[in-house]
Amino acid sequence: MARAAFLLCVVPLLTGCTRFFYFPSRAVFAPTPRNAEEVVFQASDGTRLHGLWLHATDGHPKATFVHFHGNAANMTSHVRQLAWVTRRGYDLFEFDYRGYGSSEGSPTPEGVNLDAVAAIRYVRSDIAPRNHTRLVLYGQSLGGAVLLRALGDTGTGGAIAVVVESTFNSYQEVAASLLWRTALLLPCTWLAYTVVSDEYAPARYVPLVSPVPLLIIHGDMDPIVDVRFGRALYAIARQPKELWIVPGGGHVDALRAFGEKYRNRLIAFVERARARPGAVLDRAGAPSPKVTPPETREAVAPLRSGGP
């Protein structure tokens with residue numbers, strides 16, 4: 001039994017952790033929205049990526065949401081999470097990481113980071129000058145971690161707000177947590193700290209969001225990414241920042257399962273961000289230079305005491 005548990009744990013981890021974090025699909029889960037324009041852009045390594053630009057229904061967007069979806073399926077199953085913002089006067093840019101949907105390649109941490117960087121740069125250089133808007137960067141679950149890491153390469157230029165929902169602070173910690181909650185895999189929990197890399201850990205990059213307003217949303221009943229990971233991310237972040245703990249909320253369901261309550265709060269948050277000094281349109285949304293993340297290992301480590 002011990003040997004079987006060991007193998008069940010080791011196999012996914014030793015495959016480069018790709019199968020542990022990425023669950024892409026090529027299937028089409030929903031038709032393309034009628035207000036969407038299909039786009040193709042490239043990552044810096046030449047990988048062709050598929051995206052959708054959804055237009056505000058009134059034709060006069062106030063900002064452009066850029067959505068970094070979670071680790072499963074593809075954007076055709078995630079687009080409905082934020083498609084409603086087009087009815088509130090915002091454009092929405094959706095895209096698939098490599099290996100997801102119609103995007104080329106296979107997902108790896110390095111490759112997915114290149115894709116996120118390419119998406120931000122594409123919206124800055126091709127969409128923002130056309131619709132004359134600033135950006136709201138929104139990441140859900142793994143997508144929030146991907147977004148925060150990408151900001152280490154792109155900076156926050158052109159963004160008026162950054163939002164992450166059901167996101168974690170550490171790949172090692174969240175992997176250990178998932179193993180620890182499975183009785184058969186509990187003896188293998190330690191492997192998360194030796195095999196899984198935290199090179200791209202969100203804890204290292206979330207301080208870089210400041211001075212752009214940051215919003216962290218997390219359900220207190222999240223069965224996949226425990227709420228303590230959202231709290232840890234908030235503790236590391238710099239002001240201005242807000243933390244919304246959703247009572248009874250599960251995984252990435254604040255905007256879906258609670259009617260208009262959190263949708264209205266989100267729009268109000270974005271409107272406040274738009275009104276901030278310095279959020280005036282600069283047309284192309286000049287990118288910030290690449291920045292070096294601060295050392296935040298001491299902010300991650302306390303979660304390890306007493307088990308994951």
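# Close-up views of a predicted model

**Figure 1. Serine 166 counts as buried, at 1% relative accessibility.** Welcome to the first close-up of this predicted model. Serine 166 sits in the loop that runs between strand E8 (159-165) and helix H6 (171-180). Its backbone is worth a look: phi of serine 166 is near 55°, a positive value in a residue other than glycine. For context, most residues other than glycine have a negative phi, and most peptide bonds are trans.

**Figure 2. Valine 252 also has a positive phi, near 45°.** This residue, again not a glycine, belongs to the loop between E10 and helix H9 (254-257). Is valine 252 buried or exposed? With a relative accessible area of 12%, valine 252 is buried, because the limit for that label is under 20%.

**Figure 3. Two cis peptide bonds, each leading into a proline, are shown here.** Serine 210 and proline 211 are joined by a cis bond with omega at about 15°. Proline 211 is placed in the loop between helix H7 (202-205) and strand E9 (214-219). In the second case, glutamine 239 and proline 240 are joined with omega at about 0°. Proline 240 lies in the loop between helix H8 (227-236) and strand E10 (241-246).

**Figure 4. Phenylalanine 93 and tyrosine 122 form a tilted aromatic pair.** The structure holds 14 aromatic pairs. In this one, the rings are 5.7 Å apart centre to centre, with 35° between the planes. Which parts of the chain does the pair link? Phenylalanine 93 comes from strand E6 (residues 91-95) and tyrosine 122 from helix H4 (residues 109-131), so the two are distant parts of the chain, 29 residues apart. Both phenylalanine 93 and tyrosine 122 are buried. For comparison, phenylalanine 168 and tyrosine 171 make an edge-to-face pair, because their planes stand at 75°, with the ring centres 5.1 Å apart. Phenylalanine 168 is buried at 4% relative accessibility, and tyrosine 171 is buried at 9%.

**Figure 5. Ring pairs join seven named aromatic residues into a cluster: Phe41, Phe68, Phe93, Phe95, Tyr97, Tyr100 and Tyr122.** Tyrosine 97, one of these, is found in the loop between E6 and H4. Tyrosine 97 is buried, with a relative accessible area of 1%. Beyond its sequence neighbours up to four places away, tyrosine 97 touches a set of residues including Leu49, His69, Ser103, Asp115 and Val146. Threonine 108 is eleven residues from tyrosine 97 in sequence, and their C-alpha atoms are 9.6 Å apart.

**Figure 6. The largest nonpolar core has 53 residues.** Which residues have the most contacts inside this core? They are Phe68, Phe93, Leu137, Leu148 and Val162. H4 gives the largest share of this core, nine residues. Phenylalanine 68 touches, among others, Phe95, Tyr97, Ile120, Leu137 and Leu147, leaving out residues up to four places away in sequence. A second, separate core holds 30 residues, including Leu52, Ala83, Ala161 and Val246.

**Figure 7. Isoleucine 120, in helix H4, is the centre of this view.** Isoleucine 120 counts as buried, at 1% relative accessibility. Setting aside neighbours within four places in sequence, isoleucine 120 is in contact with Phe68, Leu147, Ala150, Leu151 and Thr154. Threonine 154 is 34 residues from isoleucine 120 in sequence, yet the C-alpha atoms are 7.5 Å apart.

**Figure 8. A search of the whole structure finds one cavity of 30 Å³ or more.** Rolling a probe the size of a water molecule over the atoms shows where empty space is left. About 50 Å³ of space lies in the largest cavity. Its lining is made by Tyr22, Pro109, Val112, Asn113, Val146, Arg149, Tyr171 and Tyr200. H4 and helix H5 (142-154) each supply at least two lining residues, and the largest share, three residues, comes from H4.

**Figure 9. Two positively charged side chains lie over aromatic faces: lysine 241 and arginine 265.** Lysine 241 lies over the face of tyrosine 234, 4.3 Å from the ring centre. Arginine 265 takes up a place over the face of tryptophan 244, at 4.0 Å from the ring centre.

Terms used: Residues numbered from 1 in each chain as written. Predicted model: local features only at pLDDT ≥ 70, side-chain atom pairs only at ≥ 80, totals over all residues. Heavy atoms only, no water. Phe/Tyr/Trp six-rings, centres within 6.5 Å; stacked < 30°, edge-to-face > 60°. Helix = DSSP H or I, 4+ residues; strand = E, 2+ residues; numbered from the N terminus. Buried < 20%, exposed > 50% of the residue type's maximum accessible area, 1.4 Å probe, protein only. Lys NZ or Arg CZ within 6 Å of the ring centre and 35° of its normal. Contact = heavy atoms within 4.5 Å. Core = buried A, V, L, I, M, F, W, Y, C linked by side-chain atoms within 4.5 Å. 1 Å grid on protein atoms, 1.4 Å probe; cavity = no way out; pocket = protein on both sides within 12 Å on 5 of 7 lines; lining within 4 Å. Points joined across faces, edges and corners; volume = space filled by probe spheres on them.
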